[in-house]
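Q: I would like to learn how to read a model of this kind feature by feature. Could we take the general idea each time, and then turn to the case at hand?

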Amino acid sequence: MPGALIGWDMSAALAMAHALGIDTLIAAELLPEIEAVMVRKLNEQMEGGRDG
């Protein structure tokens, strides 16, 4: 799918978690699950915008 989102920059996401004082081990466990949902939903939104 042209223009699809395929994922996040996890290094940047973990650096942001660290900067916010969030335990990076916990963030490393949770971020892939969050990323999967966000990527799927954003791609659905982008695809819906092309149809309308």
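A: Let us begin with a pair of side chains within one helix, bearing in mind throughout that this is a predicted model. Glu44 and Lys41 both belong to helix H2, which covers residues 24-51, and they stand three residues apart, about one turn of the helix. As a general idea, an α-helix has 3.6 residues a turn, so residues three or four places apart point the same way. In this case the side chains of Glu44 and Lys41 meet in a salt bridge, with 3.8 Å from N to O.

Q: How many salt bridges does the structure hold, and are Glu44 and Lys41 buried or exposed?

A: The structure holds one salt bridge. As for exposure, the intermediate class lies between 20% and 50% relative accessible area. Glu44 counts as partly exposed because its relative accessibility is 44%, and Lys41 is likewise partly exposed, with a relative accessible area of 43%.

Q: Which residue of H2 could serve as a case of burial, and what does that residue touch?

A: Asn43, which is also placed in helix H2, is a useful case. With a relative accessible area of 11%, Asn43 falls under the 20% limit and is therefore buried. Once its neighbours within four places in sequence are left aside, Asn43 is in contact with Ala4 and Leu5.

Q: Which residues form the nonpolar patch on the surface?

A: The patch is made up of Trp8, Ile26, Leu30, Ile34, Met38 and Leu42, which together have about 500 Å² of accessible area on the surface. Leu42 can stand as an example from this group: its place is in helix H2, and it is partly exposed, with a relative accessible area of 32%.

Q: How should I read the other helix, and what is found at the start of H1 and just after H1?

A: The ends of a helix can be read separately from its body. At the start of H1, a side-chain oxygen of Asp9 comes to within 3.1 Å of the backbone nitrogen of Ser11, while just after H1, Gly21 adopts a positive phi of about 80°. Within the body, Ala15 has its place in helix H1, which runs over residues 10-19, and Ala15 is partly exposed because its relative accessible area is 46%.

Q: What does Met10 touch beyond its neighbours in sequence?

A: Met10 is placed in helix H1, and, not counting residues up to four places away in sequence, it touches Leu31, Pro32 and Glu35. At 23% relative accessibility, Met10 is above the limit for burial and therefore counts as partly exposed. Separation along the chain and separation in space should be read together: the C-alpha atoms of Met10 and Leu25, which are 15 residues apart along the chain, are separated by 13 Å, and those of Ala15 and Glu33, which are 18 residues apart along the chain, by 17 Å.

Q: What can be said of the chain as a whole, in its helices and strands and in its radius of gyration?

A: The chain has two helices and zero strands. Its radius of gyration is 14 Å, whereas a compact globule of 52 residues would have one near 10 Å, and its C-alpha atoms fill a box of roughly 40 × 15 × 15 Å along the principal axes. Of the 52 residues, 13% count as buried, and the accessible surface comes to about 4100 Å², of which 64% belongs to carbon and sulfur atoms.

How values were computed. Residues numbered from 1 in each chain as written. Predicted model: local features only at pLDDT ≥ 70, side-chain atom pairs only at ≥ 80, totals over all residues. Heavy atoms only, no water. Helix = DSSP H or I, 4+ residues; strand = E, 2+ residues; numbered from the N terminus. Buried < 20%, exposed > 50% of the residue type's maximum accessible area, 1.4 Å probe, protein only. Polar contact = N/O pair within 3.5 Å; in protein donor to acceptor, adjacent residues only side chain to side chain. Salt bridge = Lys/Arg side-chain N within 4 Å of Asp/Glu carboxyl O. Patch = residues over 30% accessible without salt bridge, like charges linked within 9 Å, V, L, I, M, F, W, Y side chains within 5 Å. Areas by Shrake-Rupley, 256 points an atom, 1.4 Å probe, with all protein chains shown as cover. Contact = heavy atoms within 4.5 Å. Rg over C-alpha atoms; globule rule 2.2 N^0.38 Å.
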